[in-house]
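Below are some notes on the two-chain model, set out point by point. Please read them alongside the sequence and the coordinates.

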Amino acid sequence: MNDESTLRAGEKPSAYVSAVEEHTSVNTAPALKGAGISASSRSAIGGGISRFLASRWLGLGAAIAALALPLISSSTYVIQIAVDALIFVMLAVGLNIVVGYCGLLDLGYAAFFAIGAYTSGLLSTQFGWPLIATVPVVVVAAIVGGLLIGGPTLRLRSDYLAIVTLGFGEIIRITANNLDFTGGPNGLYGIPDFGDFGLRADIALYWITAVVVIAAVLFSSRLGRGRIGRAWRFVREDEDAAEAMGIHTYRVKFAAYIAGAIFGGVAGVLFAAHQTAISPPSFNFLWSALILMAVVLGGMASTPGVVVGALVISLLPELLRDAENWRYLLFGLLLIVFMIFRPQGLLPARTGEPGRRGRRAQEGAS
Amino acid sequence: MSKGKVLLEVRDMAVSFGGVRAVDGLTFSVHEGEVLSVIGPNGAGKTSAFNCITGFYKPSRGSVTFDGTDITGKRPAVIAASGIARTFQNLRLFGDLTVLDNVRAGMHVRIRQNFLDAMLHTPRYWRGEDTAAEETHRWLDFVGMAYDRTTQIRNLPYGEQRRVEIARALARRPRMLLLDEPAAGLNHGEKDQLLDLMRRIAALGIAVVLIEHDMGLVMEVSERIVVLSYGREIADGTPAAIRSNPAVIEAYLGAEDEETRAEAERIAAEAGSRGTAEVEW
């Protein structure tokens, strides 16, 4: 640390000016130094695995696999389960923005899912709108829901938010249960799909869902890495310090909450199309809890982790079908075991130098 | 004694907690590019004054003007964006994040990027991110942070964390930097480097306001010293003038009799001559 050479940058009084002016000049030495240390501190195999997990190829591979699934197996059962799993992935990456990136504990996330599904279901069944036309209205409805609940509570610290969102989730469900135009306890049925495009209807819906969910995963991951994503993390780590750096913490939290609401709302549209019938029990507290579990199980703030977490949570009960009545007991036990042995999540968020420069440095080091 | 025009003007500022008047009618000013120390016994209201200036406390009375604009009671983020950066007495870094991301926090308000840029990775996104990455390394070089910059902050030694916190504040490109006890917990070598760093920061034209208990460091680096006691300013002057000011000596030692005062003066003189030696009043 007392190394003289590290102080060289400041010897000239003009350092401030040059730091300010020379945006474009490239000085790769520190990046290589940083990446070199981190790369050599990992074993070659571990480094290889973590580089692969961070690489764009992983996401691309997963996206291709998701799109190719109907070509591999087109049984109605597989497609049905796969659509459920994809919708669950979308909910998980949406909640990851709120809980993982920004650290706001939301226990009523299913409320936005319900708002999306009901808005879309009502407009399509009562007013005969094509499903795709309901999407902009769903986005607006999700934003309004987010404003109503986030506005008063995001000024408070996170514990209060958890309690209020828990109540909000139940209010939405009970309201849907008691109103006539939402169909009361019977809910809405006969919700159309997006059209079959000359394919088997469920496969067409699968591909539409896959495209939307892949875009959602990509966008949530990219949001997390950009300026707003960093601000979310700063707020999660220390609100006062973030504020002292000029970050308007209230607005930043709001942005996270609204972004999460939009993801949840759009997932609701897919859910309505997939189920063709929705009713209040589809949006109970268990949903909110399971989505939150997917985020925590996979690794908070880590997109690959959250996707894997969501797949585990949604597919594990299917894989345990043979255990019949013991299914959910085993499911719970497995989750407990996971959390004991991987408390940081299955694929926790990585550190490292982000951006093009980090990638260059890493390729140079490997 | 003072140079440039007045940058920060604090007038009759007061804040109290319950019945305790932490700051009670404080008035002082900071000039452009000056190195000013705020000293005073424990509980004199130094950190409370910092918190009032930076918006973390709302002053119950008085005004704070920065560069001609009234910032009294504004949100900390607004005050920070107007050009005041600070560090905290007990480090407030983002523990789980990397060194690089911590410093990038200072650049948040300058990076132009919206949701669509981030989602679609537009050319503007890459321009902003590349520029920020570049500047982050420059500031870390400036403060002499030589460790792996991709590690999480909480894995760094304490002295390095202090450097990163200053780099983060500098990345805000402030016109005034408030340092709250930056030498606390540093060893001798690190204190010497801090002294050098503060001088280099001042050379960039940034006004430095320092709260510090290490009198050697204060006497060495300050152009002017403001002394607080019970939330008020009791003295304001050059290090030499402060060192021999009877009111200051009394505030620190409660010294009435000649003998104790002579002792205090001896310690002060010694602190001045020993540079950054550790002499706590």
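1. Gly128(A) comes after helix α6(A) and has a positive phi, near 70 degrees. The helix itself covers residues 110-126 of chain A; its 17 residues should span 24 Å at 1.5 Å a residue, and the end C-alpha atoms are 23 Å apart, so the two values agree. Of those 17 residues, 14 are buried, which means that α6(A) is largely enclosed by the rest of the structure.

2. This is a predicted model, with an ipTM of 0.87 and a pTM of 0.84. Chain B has a mean pLDDT of 87, and 89% of its residues reach 70 or more. Among the elements of chain B, strand β7(B), residues 176-180, has the highest mean pLDDT, at 95, and helix α11(B), residues 258-273, the lowest, at 61. Over residues 274-281 of chain B the pLDDT stays under 50, and the model has 21 contacts beyond four places in sequence for this stretch. I would ask that any figure of chain B show the pLDDT of residues 274-281.

3. Chain A has 16 helices and 2 strands. Of its 366 residues, 46% are buried. Taking the contacts in chain A with a separation of 6 or more, 78% are between residues 24 or more positions apart.

4. The UniProt record, an unreviewed entry, gives the feature "transmembrane region" for several stretches of chain A, including residues 86-115 and 127-148. How do these two spans look in the model? Residues 86-115 of chain A are 73% helix and 0% strand, with end C-alpha atoms 19 Å apart. Residues 127-148 of chain A are 82% helix and 0% strand, and here the end C-alpha atoms lie 26 Å apart. Other stretches that the record lists under this feature include residues 57-79 and 328-347 of chain A.

5. Chain B is made up of 11 helices and 10 strands. Buried residues account for 50% of its 281 residues. For contacts in chain B between residues at least 6 apart in sequence, 67% join residues at least 24 apart.

6. Which strands of chain B form the open sheet of 4, and in what order? The order is β2-β1-β4-β5 in chain B, with antiparallel pairing. At the edges are β2(B), residues 20-31, and β5(B), residues 69-70, each paired on one side only. Helix α1(B), residues 46-53, packs on this sheet and touches β1, β2 and β4 of chain B; the helix direction makes about 65 degrees with that of β2(B). Within the sheet, β1(B), residues 6-17, and β4(B), residues 61-66, are joined by 5 bridges in the antiparallel sense, and Val10(B) stands opposite Val64(B) in β4(B).

7. Helix α7(B), residues 188-203, has 16 residues and should therefore span 22 Å at 1.5 Å a residue; its end C-alpha atoms are 23 Å apart, in agreement. The buried residues of α7(B) are Glu190(B), Lys191(B), Leu194(B), Leu197(B), Met198(B), Arg200(B) and Ile201(B). What do they pack against? Their partners are strands β3 (35-39), β7 and β8 (207-211) and helices α6 (158-171) and α8 (215-221), in chain B. Just after α7(B) comes Gly205(B), with a positive phi of about 90 degrees.

Methods:
Residues numbered from 1 in each chain as written. Chains lettered and ligands numbered in written order. Predicted model: local features only at pLDDT ≥ 70, side-chain atom pairs only at ≥ 80, totals over all residues. pLDDT = per-residue confidence, 0-100. Contact = placed C-beta atoms within 7 Å. Expected span 1.5 Å × (residues − 1). Buried ≥ 20, exposed ≤ 12 C-beta atoms within 10 Å, placed from the backbone. UniProt positions renumbered as here; feature names shortened; annotations may be inferred. Pairing = 2+ DSSP bridges. Axes fitted to C-alpha atoms, helices over the stretch in contact; angles between N-to-C directions.
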